[in-house]
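Work through the exercises below with the sequence and the 3D view at hand. Try each task before reading its solution.

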Amino acid sequence: MNPDTPRRHGAEESLLGQAVAYRDTYAPELLFPIARQLKRDELGLHADALPFVGEDLWNAYELSWLDARGKPVVALGEFRVPAASPRLIESKSLKLYLNSFNQQRCASVEEVRATIARDLSAAAGAAVAVVLRPLHERPGRRFGYPEGVCLDALEIDIERYQPCPETLRAEGPEVEETLYSHLLKSNCLVTGQPDWGTLVVRYRGAAIDREGLLRYVVSFRAHNEFHEQCVERVFCDLMARCKPQELAVWARYTRRGGLDINPFRASRAGLRADEAMEVRQ
C-alpha cells in the first residue's frame, strides 16, 4: 500500500459527518455496521483467536416512542454488544435509528425492547442485550470514581500526542492494583471531533510504571480512532509491553448525541468493570 493512501476504516460510506434529514418512524435500515477486523488487522489480531473478552456498553438518554394511544413514552436504554461480534455499530447511525421511534406507535415497552434487540443483533452479527427503563418508573444511575489510584496529579513533562507504547514498562514484584486517568482524549476517526473519557487499567503482575502509563494515556490526544478501537489498542499495548498475568481495561466516554460508549476488554471471563458511571456522563 502507498504510505500516502488512507487506511480503510469501514465508515467511509456512513452518514457520519454528513447533514441528514431525521426520520421519526421506524427505520432499521439506518443502522450502519462496521467490520471490527479492519482495525484489528492493524493490531495483528485474528477473529478466531482474540486475546480478550468483553463488551461495549452503550447508554442511550434520548429514547422515546408513542404508546398505542399516541402518548409519548421516554426511557433510558442500555445496550451490550459483545466484543467478539464481527461488527460494531457506528454511533451516529444508532442515534438516527433510535430517533426513528419518536413517532412510532408501539403496544408495549417489551415490543420496543425486542425490536431494538433484534435490529442491533442483526447489525452486530451477535446477540445484543437490551434493557429499557421508562422514566416514569424512576430508574436510578450510580455515579462514582474507580476504586484505585488516579494518575492525573503526577508531575511529568509530556511531548507526544500520538500513541507511544514505548513509554509502557513494568518491573519488580507482583502487584494487583487499579490505575486510572481522566485525561483520555481521542478523536473520531471520520469527523475528527474530540472524544473525552476516563481510562481504567486493572491488572495483576509486575508493577506498571505510573508515569509511563500516564504519558501513554495522554498520547492518544491527537489520535483518530473509534472508542472501541482505542480500548483494544490500549489492551494490546499493555499486554505486549508489560506482560501482566491478568488485565482488564475499560473506558467511560462522555456522551455525544444522547449516547455514551463504554468499551471493556479483559484477559479472561469473570473480570468485571466497575459499574458506576463516570461523573461527566
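The exercises that follow deal with a predicted model.

**Exercise 1. Strands 7, 8 and 9**

Task: Find how strand 7 is joined to strand 8, and how strand 8 is joined to strand 9.

Solution:
- Step 1. Locate strand 7 at residues 170–187 and strand 8 at residues 194–208; the two run antiparallel and are joined by 14 bridges.
- Step 2. Check one pair: Thr178 has Arg202 in strand 8 as its bridge partner.
- Step 3. Look at the connection. Strands 7 and 8 form a hairpin with 6 residues between them, and Gly192 in the turn has a positive phi of about 80°.
- Step 4. Turn to strand 9, residues 246–253. Strand 8 and strand 9 are antiparallel, with 8 bridges joining them. Here Gly197 has Tyr253 as its bridge partner.

**Exercise 2. Two annotated positions**

Task: Which residues does UniProt mark as "active site", and are they buried or exposed?

Solution:
- Step 1. The UniProt record, an unreviewed entry, places this feature at Cys188 and Asp195.
- Step 2. Place them. Cys188 is in the loop between strand 7 and strand 8, while Asp195 lies in strand 8.
- Step 3. Apply the cut-off: buried means under 20% relative accessible area. Cys188 has a value of 6%, so Cys188 is buried. Asp195 has a value of 5%, so Asp195 is buried.
- Step 4. List what Asp195 touches, not counting residues up to four places away in sequence: Cys188 is among them, as are Glu225, His227, Tyr253 and Arg256.

**Exercise 3. Helix 3 and the largest nonpolar core**

Task: Describe helix 3 and find what it gives to the largest nonpolar core.

Solution:
- Step 1. Helix 3 covers residues 109–124, which is 16 residues, and reaches 22 Å from its first C-alpha to its last, close to the 22 Å expected. Gly125 follows the helix, with a positive phi near 80°.
- Step 2. Its buried residues include Val112, Ile116, Asp119 and Leu120. Among the elements that cover the buried residues are strand 2, strand 3 and helix 2.
- Step 3. The largest nonpolar core has 29 residues; Trp65, Phe79, Leu94, Tyr97, Leu98, Ile116 and Leu120 touch the most other members. Helix 3 gives the largest share of this core, 6 residues.
- Step 4. Take Tyr97 as an example. Leaving aside neighbours within four places in sequence, its contacts include Tyr26, Pro28, Ile116 and Leu120.
- Step 5. A second, separate core has 28 residues, including Phe52, Leu184, Phe220 and Cys242.

Notes:
Residues are numbered from 1 along each chain as its sequence is written. This is a predicted model: local features need pLDDT of at least 70, side-chain atom pairs count only at pLDDT 80 or more; totals for chains, interfaces and linings use all residues. Side-chain values use heavy atoms; hydrogens and water are left out. Two strands pair if DSSP finds at least two bridges between them. Helices (H or I, at least four residues) and strands (E, at least two) are DSSP runs, numbered from the N terminus. The expected span of a helix is 1.5 Å times one less than its number of residues. Buried means under 20% relative accessible area, exposed over 50%, partly exposed in between (1.4 Å probe, protein chains only). Contact means heavy atoms within 4.5 Å. A nonpolar core is a set of buried Ala, Val, Leu, Ile, Met, Phe, Trp, Tyr and Cys residues joined through side-chain atoms within 4.5 Å. UniProt positions are given in the numbering used here, feature names are shortened, and annotations may be inferred rather than shown by experiment.
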